[in-house]
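Let's walk through a structure together, one feature at a time. Ask whatever comes to mind as we go.

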Amino acid sequence: MTRTHPRTLALVLLALLALLGALVVHAADPSGREDATAALGTGAGGTAGDTEPISATILIDRGGLTGGYATPRVTISQDGQLSVLNRDTYAHTVTSEATDASGRPLFDVVVGPGETRAVPGATGLAAGDYGIYCRFHPNMRGTLTVVGGSGGTHGDKQKFVLPLAVPPTVRDAHVRLDMRQADVRMLPDGRRTRAWTYGGSWPGPTIRRPAGERTLVTVANHLPPRAGSMSMHLHGDHHASRHDGQPTSYLVPRGHSRTYRYDLTDNGRPEPGSFFWYHDHRMDHTARNNWMGLQGMFIVDDPREKRIGLPRGARDVPLMISDRSFTRHNQLTGLHEPDMVMDMGHDGMDGMDGMDGMGYTGPHAPPNDASVGTQILVNGRFAPHLRTEAVHYRLRLLNSSAFSSYELTLSDGRPFVQIGTGDGLLPEPVVRQSILLGPSQRADVVVDFHGEVGKNVVLKTVPRTDSETGTGSRVGELMQFRVRSKAPDRSSVPDRLPTPRLVDPPSDISMTWTFSLEGDETNGTFWAINGQAYDPDRIDHTVTLGSTEAWLLRNTSEVTHYVHLHEEQWRTVSRDGQPPPPWEQGLEDTWRLDPGEEVVVAARFTDHTGPFMVHCHMLDHEDHGMMATFEVVR
Ligand code: C2O
Ligand code: CU
Ligand code: CU
């Protein structure tokens, strides 16, 4: 609205010129990687006294998904224009790593297949280098260099203003949770954020129960009308089919409640000590309902763990990591469903408007893919801090994001000692410099702050480096530990841990689940398992109660998936034909599958008959077809 007509014309012209330059560069250099500015020729010179702005275009070629930006390094002048041209069949973003004090990127633009977009936020920045990445595929990275005079912002350093919120712990045998709208403190400044919650907070209360003790959870639906019916799933747990949070049956309509029953036993024995989480699982709306805040943590305590002296009480901290985007009035952006924008101020994020009606998986894919947030929150707050003592802490790390994955590491190079997955302890502790967690994956770790009084240690996410083909991980600072006092510490991590028993895997594979993108550019694409989109009326595989089966999970698509199997806790038999890495040698329920990967898992089917889900836990993939059903029968 501040743009004058001639300025718009000039911008268009510049963008066109830049585009032409980029195309020429690309044609001349089949590798596609080139410093765009060097060859661009627009704004020729940029010598002192030359007032001609320098503009540049970031080119995304076909295959950019795996190949990255075709022009990963571009330079503009402070008054120049940055543009993005996307010739891939997937939507991508160009997002700055640098942010303002609330974590909003300095610029963030979504570019659909075939589109060209300007990046207005890149104009007027302070001179210097800015890391850029694609929020949807963070393996796509590059650098924007801004040259020119003085002034402009570099972005803000994270200040870790808010204290970490530790959700209330509930230990009752019968827990009652009201699903209701509530205003929650998520960002350090300005208004609270309206969310859909379990019990008024996001995350909801942490339910903490002894293994083997029956637990009832009654949820009542008091959400606004547009929320519709809900369905709650206790992720990782073993329970009856009707208590599983089925996507289309046993729902919780508005004004009604439902009681879920979890015995916390398996085959007559108490379950292993676990770090589960509960979340909505409603068909077609799982991404939206989780984005809105219907998520909480659930810890199953194994009495044997007490004896081995792991950190306890205030030194056992569950951390839920989840990304969200906010409007300028601190309200959650609407996942591209206009009626979902809860803030009626006309202040959408830069670029968010570009997502309306646009596909992420191809030109005709469903419109609301890629629920990726610009800000990464811990226990529902942006960049919180926790005051700690110089002792061991047990951190239970959960990625409850709908789509993003994180390669977690500590700022001073301090290792994590991983002691468990979400489904029990590992046979031995594993020392890890960084831990990759995809959606719904958990890691149970111990961190040692001894001798560090006065120090601040930041939990960060860095680009993953373990795969050439995998979709990357996000970059950012998540939270800060402020080590402030000495204290006695009797905790320890033994060399051997009481790990749950693993099944002997059968030598034959009973079922292969193949995760792929199907369809074509004319008729539309969809996410599929074994070539088919989810159909709640179809049973894809039948298992006999009491049998042990080995399943093969394989990914033939171009992006990484995080595949979740309901009902049982599974042993990982092999990953790409090799024994699994040490941190995958306990029980699991969600596996990373990079493009081309094959993972064999095995479990014994005990106690319960009925239908259960198999799906990708990237919730947009799940909502858009990548789900299937197996049924356990007598
Ligand atoms: Cu965490 Cu089927 O879900
Ligand atoms: Cu991308
Ligand atoms: Cu997926």
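What follows is a short dialogue on reading this predicted model.

Q: Where do I start? How many helices and strands are there in the protein?
A: Start with the overall make-up: the protein has 6 helices and 42 strands. Then look at burial: of its 634 residues, 59% are buried. Contacts come next: among those with a separation of 6 or more, 76% join residues 24 or more positions apart.

Q: Which residues coordinate the copper ion (ligand 3)?
A: For a metal, list the donor atoms and then see where they sit along the chain. Here the copper ion (ligand 3) is held by H561 (ND1), C616 (SG) and H621 (ND1), at 2.0 to 2.1 Å. H561 belongs to strand 36 and H621 to helix 6, so this pair ties together parts 60 residues apart in sequence.

Q: Are those histidines buried or exposed?
A: Buried counts as under 20% relative accessible area. H561 is at 0%, so H561 is buried, and H621 is buried at 0% too.

Q: And salt bridges, how many does the structure hold?
A: The idea is that side chains of opposite charge can pair when their charged atoms come close. This structure holds 32 salt bridges. In one of them, R141 meets E97, with the closest N and O atoms 2.2 Å apart. R141 is in strand 8 and E97 in the loop between strand 4 and strand 5, so the pair ties together parts 44 residues apart in sequence.

Q: What about D108 and R135, buried or exposed?
A: Their side chains form a salt bridge at 2.9 Å, N to O. D108 is buried at 3% relative accessibility, and R135 is buried at 1%.

Note on methods:
Residues are numbered from 1 along each chain as its sequence is written. Chains are lettered from A and ligands numbered from 1 in the order in which they are written. This is a predicted model: local features need pLDDT of at least 70, side-chain atom pairs count only at pLDDT 80 or more; totals for chains, interfaces and linings use all residues. Side-chain values use heavy atoms; hydrogens and water are left out. Helices (H or I, at least four residues) and strands (E, at least two) are DSSP runs, numbered from the N terminus. Buried means under 20% relative accessible area, exposed over 50%, partly exposed in between (1.4 Å probe, protein chains only). Contact means heavy atoms within 4.5 Å. Donors are N, O and S atoms within 2.8 Å of the metal (3.2 Å for Na, K and Ca); water is not among the atoms, so sites may look incomplete. A salt bridge is a side-chain nitrogen of Lys or Arg within 4 Å of a carboxyl oxygen of Asp or Glu.
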